[in-house]
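User: Hey, I'm new to this one. Could you walk me through it?
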Amino acid sequence: MFYRFLILCGIAAIGLINCAWAEEIRLNDHLTVLRVHDHNIVQGQDANGTVFHLLCDFRRDGHLAGTPGIEFCYIGKNEAQYVADPLGAYWNYHAEKGRFEEVAGTSLVPVAAPKGTVIVGIVDGDVLDPNRNKIHVIDTPGITRGSVSYYADIDGKRIVFCGNLIYGDGGLVNLYDLQDVMPVPKIGGYHGYMARGLKVIESLEKIKALKPDKLIPARGPIIENPQESIDKLIGRLRAVYENYVDVSALWWYFPDSMPLAARLFSGNENLEADAIRRMPQAKLHENPPWFLEHATTRVIVSENKAAFVIDSVGDGSVKFLDKLIEDGTIRKVEGIFITHYHWDHTAKVPAIAEKFQCPVYCDENMAPILESRDYYHMPCRDAQEFKTQDFKTMKWNEFTLTSCFFPGQTLYHGALFIEKEGERPIFVIGDSFTPTGIDDYCLWNRNFPGDNEGYLYCLEKIRKMEPRPLLVNQHVIPPFEFDDERIDYMVAALKARREILATIFPYAAPEFGNGVGFGVDSIWARFEPYYVSAESDRTIRLIVRNHADKPLSFYVDWTTEDGQQHSELLFSDVPPYGEQTQPFKLPQWKPEPGTVSPVTATVRCREIPSLEKGVETMIGH
Ligand SMILES: [Zn+2]
Ligand SMILES: [Zn+2]
């Protein structure tokens with residue numbers, strides 16, 4: 001029997017931020033769960049009188065862990081460094097490299113322990129408080145690479161403290177934290193859509209085998225029917241992956257890895273490749289003679305031998321243009337169009353623009369991310385900055401070029417529509433689709449799931465084009481064609497995935513406004529810029545995007561340099577599918593040379609307790 005009662009927030013006493021109340025669930029005389037907002041904070045006192053806290057992973061979701069008065073904070077050994085030294089181990093690396101990479105779990109904002117707390121790294125098999133509560137440690141990677149769980153038998157009931165592995169009855173707080181490398185099918189971190197979902201499933205099976213009576217997760221309600229809730233989540237994760245595989249672009253790039261990935265996720269080790277459901281491949285065509293290719297670069301060659309270049313990767317693209325000039329195929333380059341900001345499409349753009357003294361074009365929605373490397377936290381950023389201009393439609397020699405917003409592979413993505421009289425138009429869509437489907441493998445690319453957003457927007461745009469153009473993805477040599485049948489297939493798959501995700505994310509229920517997008521948008525709340533130099537203006541922007549179909553309001557919790565904790569309703573009635581921006585004053589501190597100072601805050605939805613996000617920016621030099 002657990003005792004539940006409300007604690008009138010003695011905020012200062014327990015060091016929590018302005019919460020109206022907290023609930024305490026006393027498991028026994030020495031082990032307690034504090035429920036604050038949506039968090040379950042597990043703390044106890046061992047037989048030696050030491051007050052301890054159990055942390056399952058380093059995500060900021062555990063940020064309320066830092067209660068003053070806690071002497072020991074237990075966390076998995078591989079993650080202890082992030083909590084013990086949040087200014088060093090995580091952030092310095094993150095500022096220099098991590099924020100441009102995609103495999104280091106950088107969408108996670110680490111918790112900071114309060115001064116004086118001893119961080120104790122624990123490993124599978126450890127028994128904490130052996131003379132009293134006998135709390136067993138088990139490795140349960142998934143939500144992070146080194147996350148752990150704890151279990152203890154209390155009054156004859158087995159309780160598992162499982163961190164963020166599950167939320168409520170078969171849910172999860174988001175999907176984007178599962179992005180990672182999949183070593184066995186040899187899929188890298190950038191392409192590893194919900195890769196750690198496999199670990200989540202394994203870890204849930206492990207917990208299930210313990211035959212728990214209750215699960216106490218890091219967030220959300222206590223789970224009273226563990227077996228049933230775990231089975232639901234496993235089934236849903238498998239369904240999402242099966243849906244993803246069905247329409248994945250990766251069948252084109254990694255045909256050998258996909259069957260293995262699908263098999264691993266299915267839980268059926270005998271699943272044969274030809275039994276995996278997938279969209280029939282689109283029809284392939286040939287490039288017209290005036291359209292040349294080298295790596296991600298495409299060159300439109302006019303009859304007068306002027307050239308218009310699309311994207312550029314390494315030295316090879318420059319040499320390719322040099323060679324075209326040398327052999328008389330082209331005389332000069334008159335413009336460059338960037339489809340999107342990923343480095344494999346931009347690396348030599350400044351060099352080419354300089355050499356040929358030609359303008360650089362992109363869709364207007366992409367200009368900010370190209371013009372400042374410090375604005376956003378997005379993977380595969382080019383660390384260069386670009387000066388760009390936009391156009392809607394222009395006549396260029398015998399061609400008509402139209403620049404479009406095309407939020408495919410990433411939200412900040414454009415496409416170039418090329419018309420030449422008497423020929424089938426070509427639509428250069430960057431990395432958005434391959435003949436096998438959708439390039440949505442990176443959950444940090446902000447693929448919004450709404451009817452008029454992301455891939456659904458792109459597919460409807462292609463559907464409306466008359467005549468239907470040939471599609472060009474520069475990683476795919478032959479142009480290809482999406483007929484109505486393919487478009488219908490992908491639209492149906494994306495809508496079906498949205499339905500499954502709505503059952504997983506606790507904030508995506510109809511009564512909350514169907515906000516599935518919150519779970520697949522790793523920066524629905526964000527600071528802009530993401531990196532601030534010590535000399536620049538300390539008033540930056542905090543931006544919240546509302547993925548629900550009803551207005552929502554948001555609190556922001558943060559600590560100022562004087563140590564004061566604040567909680568204010570900074571965002572009122574953010575419109576459905578819209579954004580709101582508020583100024584945010586950063587502290588005046590200056591980081592030590594060679595280091596950065598992170599500034600973090602938590603954005604919490606007023607109407608939906610399960611909807612919360614850690615946000616961060618960094619003050620550097
Ligand atoms: Zn790309
Ligand atoms: Zn690319």
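**Overall build**

Analyst: Sure. This is a predicted model. The protein chain has a radius of gyration of 26 Å, which agrees with the value near 25 Å that a compact globule of 621 residues would have.

User: What does the C-alpha trace span along its principal axes?

Analyst: About 85 × 60 × 40 Å. Buried residues make up 50% of the 621 residues.

User: How many helices and strands does the protein chain have?

Analyst: There are 13 helices and 34 strands.

User: Which domains is the chain divided into?

Analyst: Domain 1 covers 3-252, domain 2 covers 283-482 and domain 3 covers 517-620. Where domain 1 and domain 3 touch, the contact takes 18 residues from domain 1 and 21 residues from domain 3. On the domain 1 side, seven of those residues are nonpolar, seven are polar and four are charged.

User: Switching to sheets. In what order do the five strands of the open sheet with mixed pairing come?

Analyst: The order is 14-15-16-17-18. Strand 14 (291-294) and strand 18 (360-361) are the edge strands, each pairing on one side only.

User: And do strands 16 and 17 pair in the parallel or antiparallel sense?

Analyst: Parallel: strand 16 (residues 306-310) and strand 17 (residues 332-337) are joined over five bridges. Val309 has Ile336 in strand 17 as its bridge partner.

User: Which helix packs on that sheet?

Analyst: Helix 10 (residues 349-356), which touches strand 16, strand 17 and strand 18. The direction of helix 10 makes about 145° with that of strand 17.

Notes
Residues are numbered from 1 along each chain as its sequence is written. Chains are lettered from A and ligands numbered from 1 in the order in which they are written. This is a predicted model: local features need pLDDT of at least 70, side-chain atom pairs count only at pLDDT 80 or more; totals for chains, interfaces and linings use all residues. Helices (H or I, at least four residues) and strands (E, at least two) are DSSP runs, numbered from the N terminus. The radius of gyration is taken over C-alpha atoms; the globule rule is 2.2 Å times the number of residues to the power 0.38. A residue is buried if 20 or more other C-beta atoms lie within 10 Å of its own, exposed if 12 or fewer, and partly exposed in between; C-beta atoms are placed from the backbone. Domain bounds come from an automatic or database domain assignment. Two residues are in contact if their C-beta atoms, placed from the backbone, lie within 7 Å. Ala, Val, Leu, Ile, Met, Phe, Trp, Tyr, Cys and Pro count as nonpolar, Asp, Glu, Lys and Arg as charged, and the others, Gly among them, as polar. Two strands pair if DSSP finds at least two bridges between them. Axes are lines fitted to C-alpha atoms, for helices over the stretch in contact, and angles run from 0 to 180 degrees between N-to-C directions.
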